[in-house]
Amino acid sequence: MNQISLDMYQTLGMAVAVLFLGAFLKKRIKFLETFCIPSPVVGGLIFAIGSCILYATGILEISFDETLKNVCMVIFFTSVGFQANLKVLKSGGLSLVVFLVCVIVLIISQNLVSVGLAKLVGVSPLIGLSTGSIPMVGGHGTAGAFGPVLEDLGISGASTLCTAAATFGLVAGSLMGGPIGRRLILKHDLLKTAVMEDDATLVEDEKKHKRSVSMYAPATYQIAIAMGLGTIVSWALSKTGMTFPIYIGAMIVAAAMRNISEHTNLFTVNMGEINDIGGICLSLFLGIAMITLKLWQLASLALPLLILLAGQVALMFVFTYFVLFNVMGRNYDAAVLAAGTCGFGMGATPNAMANMQALTEKYVPSVKAYLLVPIIGSMFADFLNSLTITFFINLF
C-alpha cells in the first residue's frame, strides 16, 4: 500500500481546507444548518470517509503530524477556563445553582449509564466512557481531547469512537429538544405560567462582549500565560498518580486568573477576544481531529456502539422530562430549559439555543432559560465535565 505523510504545516492546511468545504456545504444543505453540525465535522467526515475507502481498498494510507492539534486544543480549553466566572454564578441566584447541580447529575449519570451498558454488552468500561459525557455534554471538542487519552490507555480507535458519538449526539439532541419542550408545554398548559422578565442582564452582557482589535494581543498573551503556568499545575497533578488531560492545568490557571480579575480589578480579562481566539482554535483542532480519524477501527464496535448511544438517548429523555422539568419548577421556563438541556447535554450550546429558539418563536420568550443555558452550557459544563471524566477514567 502506498503511504503519504503530511508534516504539521501540511496537516494544518488540509484541516483548513476541510473546514472551508464544510462551511460551503452547510450553506447549501439545510439539514446541516438546522442541526448546527460544525463545519469541520462536515468537511472532516467527508475526508475521513474518503480516506477510509482508500485504506480499505489498499490504494493509499495517509498519516499526519498532529503537533498543532494539541496546541489548538490547549488554547481552546484555556479559553473555556477563562469563562468560569464565580461572580456570575453567584449573581444568577438559586435557579442557576440548582440548574448547575442538575447538569452535574446529568454528567455523572451519562458516565454511569455508559459504563453499565458497556459491561452489559461485554466491552471495556473505557469504551463505554467514549459514549458517555465525553461526547455528550462535552461535544466534539472534549471528544477530540479525551480520545487520545483513552487510546493511551489501550482503547484502539477511541478518538474515532468519541467523535462518532459526538456527531450522533448533535443530531439526536437537536431532534429531541423541541418535541420534549412542546410536549411539556401542551400537556401541563404551561403558557399561563410564562413570565416576561427584564432582559437588562442579557443586554448588559452583550455590551461587555464587544470586540476591540487592540485587545486581541493582550487576550493572546493572557492565554499564553495561563498555558505556561498550567504546565506546572499539570505536572503537580500528575504526581498524584492520576491521569489528567494535558489542558487541565491551563484551565485551572485560566479560571483563577478570571476570578482574580473579577474580584481585585488588578487587570482586565478580555473575554470577547479570548472567546474568539478559542473559537478559531476549536475549529482548527476539530479540523485536524476529523481528518486524522480512522473509521475502519469502528467496524468491530458497530452493534455495541448503537446500544450505548440508544442508552444515552433514553437517559436524556428520562432526565429532562421527569427530573429536570420537575426540579426547575414545573413551569414554562422549566420546559424551555428541558429543551435546551437536550441540546447541550447531547451536543453543544448552539444546539441548545436553537432548540429554545424554536419553542420561544412558537410560543413566548423565556428570559430565564436564555440566561441559564448559555452561562452553564458555555462557562461551567465543559470545566466540570473534564474533572468528572478524569475521575471516571482513573476508576478504571
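Start by selecting helix α12, residues 248-264, in this predicted model. Its 17 residues reach 24 Å from the first C-alpha to the last, close to the 24 Å expected at 1.5 Å a residue. Now colour the buried positions of α12: I248, G249, A250, M251, V253, A254, A255, M257, R258, N259 and S261. Step just past the end of α12 and you'll meet N265, which takes a positive phi of about 60°.

Keep A250 on screen and add V80. The two are 170 residues apart in sequence, yet their C-alpha atoms sit 9.7 Å apart in space. V80 belongs to helix α4, residues 67-82. Is V80 buried or exposed? Its relative accessibility is 2%, so V80 counts as buried.

Next, pick out a pair of helices: α9 (residues 158-187) and α15 (residues 332-346). They pack at an angle of about 170°, and their axes are 6 Å apart. The two helices are therefore roughly antiparallel to each other, since an angle over 145 degrees earns that label. To see where they meet, show A166, F168, G169, L170, A172, G173, M176, G177, I180, G181, L184 and I185 on the α9 side. From α15, add Y332, A335, A338, A339, C342, G343 and M346. What sort of residues make up this contact? They divide into 14 nonpolar, five polar and no charged.

Leave M346 showing, then select Q312, because M346 is also one of the residues that Q312 touches. Q312 is found in helix α14, residues 302-327. With a relative accessibility of 1%, Q312 counts as buried. Setting aside residues up to four places away in sequence, its other contacts are Q110, V113, S114, T131, G132 and M136.

Now for the largest nonpolar core, which has 97 residues. Which members touch the most others? Look at F82, F99 and I376. Then select helix α17, residues 367-395, which gives the core its largest share, 11 residues. Zoom in on I376 and leave out its neighbours within four places in sequence: you'll find L96, F99, L100, V103, F344 and A381 in contact with I376.

For the last stop, go to a second, separate core of seven residues. Select L6, A15, F47 and F64, which are among its members.

Definitions and conventions: Residues numbered from 1 in each chain as written. Predicted model: local features only at pLDDT ≥ 70, side-chain atom pairs only at ≥ 80, totals over all residues. Heavy atoms only, no water. Helix = DSSP H or I, 4+ residues; strand = E, 2+ residues; numbered from the N terminus. Buried < 20%, exposed > 50% of the residue type's maximum accessible area, 1.4 Å probe, protein only. Contact = heavy atoms within 4.5 Å. Expected span 1.5 Å × (residues − 1). Axes fitted to C-alpha atoms, helices over the stretch in contact; angles between N-to-C directions. Parallel < 35°, antiparallel > 145°, perpendicular 65-115°, else oblique. Nonpolar A, V, L, I, M, F, W, Y, C, P; charged D, E, K, R; others polar. Core = buried A, V, L, I, M, F, W, Y, C linked by side-chain atoms within 4.5 Å.
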